[in-house]
Amino acid sequence: MTKFILNIFSIALVSAALLSCETIIHPKLESADPVLVVDAWLTNKSDTQTVILTKTQPYFDNTTPTSVSGATVTVEDNHGNTLTFTESSEKPGYYQWVPASNEVIGQVNDSFELTINVEGETFTASSHMGRVPAIDSISFDEDTQIGTNDKIYQGEFWATDPAGKGDTYWIKAYKNGVLLNKPSEINIAYDASFSAGGETDGVTFITPIRRGINPQDTDANDNPLSPYAVGDSVNVQIFSITLQAFNYLNEVVTQTNRPGGFQELFSTPLANVSTNIVNGNAKGSKVVGFFNVSAVTSLGKKFVKP
């Protein structure tokens with residue numbers, strides 16, 4: 001018994017010593033050559049479509065990424081239609097295609113090929129536009145904050161995954177016109193669940209996904225706030241994405257939604273996420289980013305307390 005108590009006491013001392021260490025360090029990271037970054041998330045909405053080209057920068061560099069000008073950017077569909085993206089005169093590195101009235105980039109089941117010619121190299125990527133379900137309704141429910149008696153109000157959208165396995169989606173929500181874009185707020189689905197093993201084909205999206213439209217805001221003391229209040233509005237959009245895009249976003253969440261502190265010792269090591277963009281020259285420059293063309297459905301609602 002004495003030996004056991006001593007061991008516990010020793011562990012407690014070591015733990016206390018570790019927890020008391022708060023030395024701030026400034027690690028010196030090795031420099032790396034800038035790499036092309038492609039941000040090409042396009043939709044079938046009759047809006048201006050944009051491909052953004054920038055260069056990577058050092059990890060601790062908080063300045064705006066360097067834009068890449070002078071590129072030729074095109075998207076061709078499987079019907080032989082070619083769209084040319086023209087660089088914006090106001091935003092260098094932003095290449096845009098402006099549709100005519102009611103014109104869209106394509107239809108569900110179309111395939112697309114992105115081609116970027118820049119700095120003497122050619123980069124390509126492919127995407128397929130999948131189907132997407134309509135959003136039936138949005139509701140707001142009253143609940144009680146865990147650990148308190150405070151009332152909170154959560155939003156929830158209702159939609160049903162179409163029959164047929166393998167549909168993948170990105171569900172985005174805007175609260176009062178502002179996109180919920182924290183890493184922890186990235187809401188993606190495989191059929192009506194989180195993964196292929198969910199066996200939820202052709203049913204209503206599961207509760208965590210339906211309630212993934214709630215902002216995760218806190219007050220000055222880091223206490224959770226009610227996601228919505230009377231008078232707030234929410235707009236929910238469902239984007240069809242390819243399976244490769246679904247896996248890409250899963251990697252983004254893993255690499256950016258970090259717990260911090262002691263838990264970081266057991267987290268997945270930091271690494272570049274995958275990409276579907278390829279340099280035509282296997283020995284040429286590296287590239288990161290992603291190309292996807294989505295079909296989109298949306299619905300909005302203002303919270304009016306009954």
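Analyst: A strand here is a DSSP run of E, at least two residues long, with numbers counted from the N terminus. The model is predicted. It has 16 strands and three helices.

User: Which strands each supply at least two residues of the lining of the second largest pocket?

Analyst: Five entries fit: β1 (36–43), β2 (49–55), β10 (168–175), β13 (233–241) and β15 (287–294). β1 gives the most, with four residues.

User: What makes a residue part of that lining?

Analyst: A lining residue has an atom within 4 Å of a pocket point. For the second largest pocket, 19 residues pass. Asp-39, Trp-41, Thr-43, Thr-50 and Lys-172 lie nearest its centre. The pocket holds about 430 Å³ of space.

User: How do you know where empty space is left?

Analyst: A probe the size of a water molecule is rolled over the atoms, and that shows it.

User: How many residues of each class are in the lining of the second largest pocket?

Analyst: Eight are nonpolar, seven polar and four charged. Asp and Lys count as charged, so Asp-39 and Lys-172 belong to that class. Trp counts as nonpolar, so Trp-41 goes there.

User: Why is Ala-32 called exposed?

Analyst: The cut-off for exposed is over 50% relative accessible area. Ala-32 has 68%, so it counts as exposed. Ala-32 sits in the loop between α1 (2–19) and β1. Its C-alpha is 9.2 Å from that of Thr-56, 24 residues away along the chain.

User: Why do Glu-119 and Glu-199 count as exposed?

Analyst: Glu-119 is at 59% relative accessibility, over the 50% cut-off, so it is exposed. Glu-199 is also at 59%, so the verdict is exposed there too. Glu-119 lies in the loop between β6 (111–118) and β7 (121–128). Glu-199 lies in the loop between β12 (187–190) and α2 (207–210).

User: What is the phi of Glu-119, and what is that of Glu-199?

Analyst: Phi of Glu-119 is near 50°, positive in a residue other than glycine. Glu-199 is not a glycine either, and its phi is positive, at about 50°.

User: What makes Leu-53 a member of the largest nonpolar core?

Analyst: Core members are buried nonpolar residues of listed types, Leu included, joined through side-chain atoms within 4.5 Å. Buried means under 20% relative accessible area, so Leu-53, as a core member, falls under that limit. The core has 48 residues; Val-38, Leu-53 and Phe-157 touch the most other members. Beyond its neighbours within four places in sequence, Leu-53 contacts residues including Val-38, Val-68, Tyr-95 and Ile-116. Another core, of 12 residues, lies apart, with Trp-170 and Phe-290 among them.

Definitions and conventions:
Residues are numbered from 1 along each chain as its sequence is written. This is a predicted model: local features need pLDDT of at least 70, side-chain atom pairs count only at pLDDT 80 or more; totals for chains, interfaces and linings use all residues. Side-chain values use heavy atoms; hydrogens and water are left out. On a 1 Å grid over the protein atoms alone, a cavity is a set of points where a 1.4 Å probe fits but cannot get out, and a pocket is an open set with protein on both sides within 12 Å along at least five of seven lines; lining residues have an atom within 4 Å of a point. Grid points are joined across faces, edges and corners, and a volume is the space filled by probe spheres set on the points. Buried means under 20% relative accessible area, exposed over 50%, partly exposed in between (1.4 Å probe, protein chains only). Contact means heavy atoms within 4.5 Å.
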